[in-house]
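Me: I'd like to go through this one with you, question by question. Here it comes.

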Amino acid sequence: MRFPLGITLFPPTNPFPYDGQWRVEWLSGKSQEMVMTQHSFSMHGESYVLQSGVGGTTTSFPWSDGTKQILERTEDSGSMLHWRTTNAGYPTIIWRKLLPLEYDGRWRVEWLNGTSQEMTMTQHSFSMFGASYLLQSGGGSPTSFPWSDGTKQILERTGDGGSTLHWRTTNAGYPTIIWRRLWPIPYDGR
């Protein structure tokens, strides 16, 4: 397959940090979820492949109508992508990474009072203090989960490439909670 001079597809063997589930948000307030795998995704019945410019400096992709969507900048260690387009009707588009599988593993949960507790998340669920929890994501809402007392814990942002999770809660006694990934993830013999 030939491409215009200076345009290359990302090689599928190259690890790509944008693979995963995303919520695409338009300035109109509308949003849609999509999954990117090996640099490609489908939306609105169309298939797209991310492209890199000369030297891998600009990530972009064309729409079927000729509009070009260009990555302007990333935030939160790549979990939020800001795009601009050549279409005046959609000048800015934001992608927010949703619940990725890489959140499974061992974490140290830290509270503002200095206490901490280790836990292991498997398939987006974990147990702590005798209760079980399941992370919830989708429908245009940030990743969150309810506590048994009705408190809601909501993911505000990630840091350190997803190794630190900053949460807020609806409980005044615990307004901020931080999760830090513990390395390495131990082999449990299964």
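Me: Is Tyr90 buried or exposed, or in between?
Reply: Buried means under 20% relative accessible area, exposed over 50%, and partly exposed in between, using a 1.4 Å probe and protein chains only. Tyr90 comes out at 41% relative accessibility, so the class is partly exposed.

Me: Before we go on, what sort of model is this, and how confident is the predictor overall?
Reply: It's a predicted model, so local features need pLDDT of at least 70, side-chain atom pairs count only at pLDDT 80 or more, and totals for chains, interfaces and linings use all residues. Residues are numbered from 1 along each chain as its sequence is written, and side-chain values use heavy atoms, with hydrogens and water left out. pLDDT is the predictor's confidence in each residue, from 0 to 100. Of the protein's residues, 79% reach 70 or more, and the mean pLDDT is 80.

Me: Over which residues at the start of the numbering does pLDDT stay under 50?
Reply: Where pLDDT is low, the predicted coordinates shouldn't be read in detail. One such stretch, residues 186-190, has one contact (heavy atoms within 4.5 Å) beyond four places in sequence. The other has 21 such contacts and still stays under 50: residues 1-15.

Me: Back to Tyr90, then: how are the rings of Trp63 and Tyr90 arranged?
Reply: Rings of Phe, Tyr and Trp (its six-membered ring) pair if their centres lie within 6.5 Å; planes under 30 degrees apart are stacked, over 60 edge-to-face, and the rest tilted. Here the centres are 6.0 Å apart and the planes sit at 65°, so Trp63 and Tyr90 are edge-to-face.

Me: How many residues apart in sequence are the parts that this pair ties together?
Reply: Strands (E, at least two residues) are DSSP runs numbered from the N terminus. Trp63 lies in the loop between S7 and S8 (68-75), while Tyr90 lies in the loop between S9 (80-85) and S10. So the pair ties together parts whose separation in sequence is 27 residues.

Me: What about Phe61 and Trp95, what kind of pair do they make?
Reply: The structure holds 19 aromatic pairs, and this is one of them. Phe61 is in S7 (residues 59-62) and Trp95 in S10 (residues 92-97), 34 residues apart. Both are buried. With ring centres 6.2 Å apart and planes at 35°, the pair is tilted.

Me: How many bridges pair S9 with S10, and in which sense?
Reply: Two strands pair if DSSP finds at least two bridges between them. A hairpin joins S9 to S10 through six residues, and Met80 stands opposite Arg96 in S10. S10 also pairs with S2 (residues 20-26), where the bridge partner of Trp26 is Ile93. For S9 and S10, the pairing is antiparallel, over five bridges.

Me: Which strand gives the most to the largest nonpolar core?
Reply: A nonpolar core is a set of buried Ala, Val, Leu, Ile, Met, Phe, Trp, Tyr and Cys residues joined through side-chain atoms within 4.5 Å. The largest one has 18 residues, and Phe145 and Trp167 are among those with the most contacts inside it. S11 (105-111), S12 (116-121), S13 (125-128), S14 (131-134), S18 and S19 each supply at least two. With three residues, the top contributor is S11.

Me: And how many residues are in the other core, the one with Met34?
Reply: It lies apart from the largest core. Its members include Met34, Phe41, Met43 and Tyr48, out of a total of 17 residues.

Technical notes. Helix = DSSP H or I, 4+ residues; strand = E, 2+ residues; numbered from the N terminus.
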